[in-house]
Every structure is written in C-alpha cells, then in structure tokens.
Amino acid sequence: MHAWMPDTVKGANPAAWSLSDEAWFYLVFPLLMMLPAFRSGRGRRWIWALACVGVVLVWMGGALIEPGSTRVWALDYLPLSRMLQFVLGVAAGLAVARGWRPPVGLWPAVALTAGWHLVLIPWSWYASDAEWYGPYHASQLLSTPVFALLVAAAARADLDGRRTGLGGRWSVRLGHWSFAWYLIHEIVIRTWLGTYGRPEGLVDTALVWLLVIVVSQALSGLAYHGVEHPLERLLRGAGPQVPRPAPAPAPQSPGEPARTG
C-alpha cells in the first residue's frame with residue numbers, strides 16, 4: 001500500500017514503489033476484463049484514444065500541484081496516475097492476441113522510442129525536472145503511446161516468426177531475471193555510493209556502472225532461481241488447475257477392430 005501515500009512511497013528500496021502499483025493492477029484486472037469495450041476492436045480503439053489523451057491531461061494536471069515531493073508522487077508513483085498506462089497495455093495486448101498489426105514495424109518503433117528520448121535532451125536544457133512541464137514527468141507519462149507501440153510491435157514480430165534477437169535463450173533468460181534486476185539495482189547503486197562515494201571522471205564512472213550492472217545481474221539471477229521462480233511454481237500448483245485435453249486416439253488401420261478402454 002505504500003505508493004498510495006506520499007510519505008511512504010520510497011521506503012527502504014525506492015524501486016519497490018512499483019510493487020504497490022502492480023498489486024493494484026492485479027486487483028482491477030479481472031474487473032477490466034468484464035468490460036465490453038475490451039472485447040471489441042472498436043472499443044479497444046476508443047480505449048487507446050482515451051488513454052493517450054488521459055496521460056496528457058494527467059501531465060498537465062501537474063500545474064495544479066505545488067512543486068516538490070507531493071507533485072512527484074502524484075504524477076509518477078500514485079497507482080491511479082499509472083492506471084491509464086496499464087489500461088492501454090491491456091488493450092494493446094488483447095488486440096495483438098486477436099490479430100491486430102501495429103501501424104509500424106519493430107525497428108521503426110525502436111527508432112521512434114529512441115527519437116523521443118533524444119528530444120528529451122534539448123528539452124532538459126530549457127526546463128528543469130522540478131517543473132511539471134519538465135522532461136522528467138514527460139518521460140514518464142507522454143512516452144506511454146510510444147512504448148505501447150514498441151511492445152506491441154515486438155510481440156507481433158514474435159507471433160509472425162520473424163527473427164528479432166529477443167527470442168534466443170539468453171534473451172529469454174535475461175527477461176526472466178529483469179524483474180528481480182529492477183528491484184535490486186538501486187540497492188546495489190546506493191550500497192556503492194554509501195561505501196565509496198560518487199566516482200570521478202569518465203573512466204571511473206564507466207567502470208563503476210559496469211560493476212553495478214554485473215553485480216545486479218548476478219544477484220537477480222540468484223533471486224529468480226532461488227526465490228521468485230520456486231514461489232511462482234508453488235502458487236501455480238496451489239491454484240485452480242486447468243485440465244489438459246485428452247490425447248487424440250491413434251489412427252486405425254483398415255480392417256483393424258476398434259480399440260476400447
């Protein structure tokens with residue numbers, strides 16, 4: 001529940017704010033699936049349009065909040081502010097599963113995402129991150145449709161059997177580890193800073209970042225195989241089991257008596 005309150009959103013591990021949002025998304029997901037709009041192509045298009053407009057309105061709503069930690073919490077961490085992104089992701093996932101093809105392919109979507117982040121660089125020269133119209137909040141909210149297109153295009157490419165470099169053994173393994181990596185990486189960074197301080201110079205900074213990446217990745221692999229995956233199997237085993245279809249009967253030769261039992 002910590003992301004619902006501005007004073008507790010960070011906690012001991014700042015990256016763990018997303019767990020609170022994800023718990024809320026898991027709670028409301030079955031309710032979303034009951035809405036008729038998600039089950040029709042026309043309804044999903046309306047959801048896309050309203051979600052894209054909605055994130056702009058949330059971003060602009062930052063002008064009504066006093067600057068400081070409360071604004072950061074309301075725009076970036078509050079589960080209700082992130083709800084539109086989740087709704088857009090659900091609509092995109094259902095559309096792709098039902099055969100929808102994004103208007104751009106995977107590599108144009110990659111270029112679009114990279115181009116958006118390049119725009120944020122000169123934006124940061126003229127607007128402080130502390131302002132509601134600064135690049136920080138924009139990168140969190142206005143990037144929503146860009147990332148939705150990127151994920152949908154990658155999923156469509158996989159479904160079409162095209163080689164993207166994302167379906168290899170190590171790509172899938174790193175994907176399995178990525179959730180634990182996200183939760184661990186800031187702890188590793190803060191441990192280094194608290195012990196050795198900030199690195200100085202380009203070479204030292206690059207070496208520290210390389211070390212942080214390697215240590216975080218190793219710890220995330222241990223966390224996945226030692227904690228996350230075993231608990232996932234335990235929970236799935238304790239939940240309702242979907243019966244497997246019976247195997248099809250073997251074909252019979254002409255004149256062979258019918259098999260029973």
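**Note on the predicted all-helix model**

1. The protein has 9 helices and 0 strands, and in this predicted model the order of elements along the sequence accordingly reads α-α-α-α-α-α-α-α-α.

2. On overall dimensions, the radius of gyration of the protein is 23 Å, whereas a compact globule of 261 residues would have a value near 18 Å. The C-alpha trace spans about 85 × 45 × 35 Å along the principal axes of the protein, and these extents may usefully be read beside the radius of gyration of 23 Å.

3. On burial and contacts, 31% of the 261 residues in the protein are buried, and the accessible surface comes to about 17,000 Å², with 69% of that surface belonging to carbon and sulfur atoms. Where contacts join residues at least 6 apart in sequence, 72% of them are between residues at least 24 apart.

4. On charge, the protein carries 20 positive and 15 negative charges, and the mean positions of these two sets lie 14 Å apart.

5. On aromatic residues, the whole structure contains 11 aromatic pairs. One of them is formed by Trp4 and Trp24, an edge-to-face arrangement with 5.2 Å from centre to centre and 85 degrees between the planes. Because Trp4 belongs to the segment before helix H1 (17-33) and Trp24 to helix H1 itself, the pair ties together parts that are 20 residues apart in sequence. Both partners are partly exposed, Trp4 at 25% relative accessibility and Trp24 with a relative accessible area of 24%.

6. A further aromatic feature is a cluster in which ring pairs link Trp59, Trp116, Trp123, Trp132 and Tyr133.

Note on methods: Residues numbered from 1 in each chain as written. Predicted model: local features only at pLDDT ≥ 70, side-chain atom pairs only at ≥ 80, totals over all residues. Heavy atoms only, no water. Helix = DSSP H or I, 4+ residues; strand = E, 2+ residues; numbered from the N terminus. Rg over C-alpha atoms; globule rule 2.2 N^0.38 Å. Buried < 20%, exposed > 50% of the residue type's maximum accessible area, 1.4 Å probe, protein only. Contact = heavy atoms within 4.5 Å. Areas by Shrake-Rupley, 256 points an atom, 1.4 Å probe, with all protein chains shown as cover. Lys, Arg positive; Asp, Glu negative; His and termini not counted. Charge placed at Lys NZ, Arg CZ, Asp CG, Glu CD. Phe/Tyr/Trp six-rings, centres within 6.5 Å; stacked < 30°, edge-to-face > 60°.
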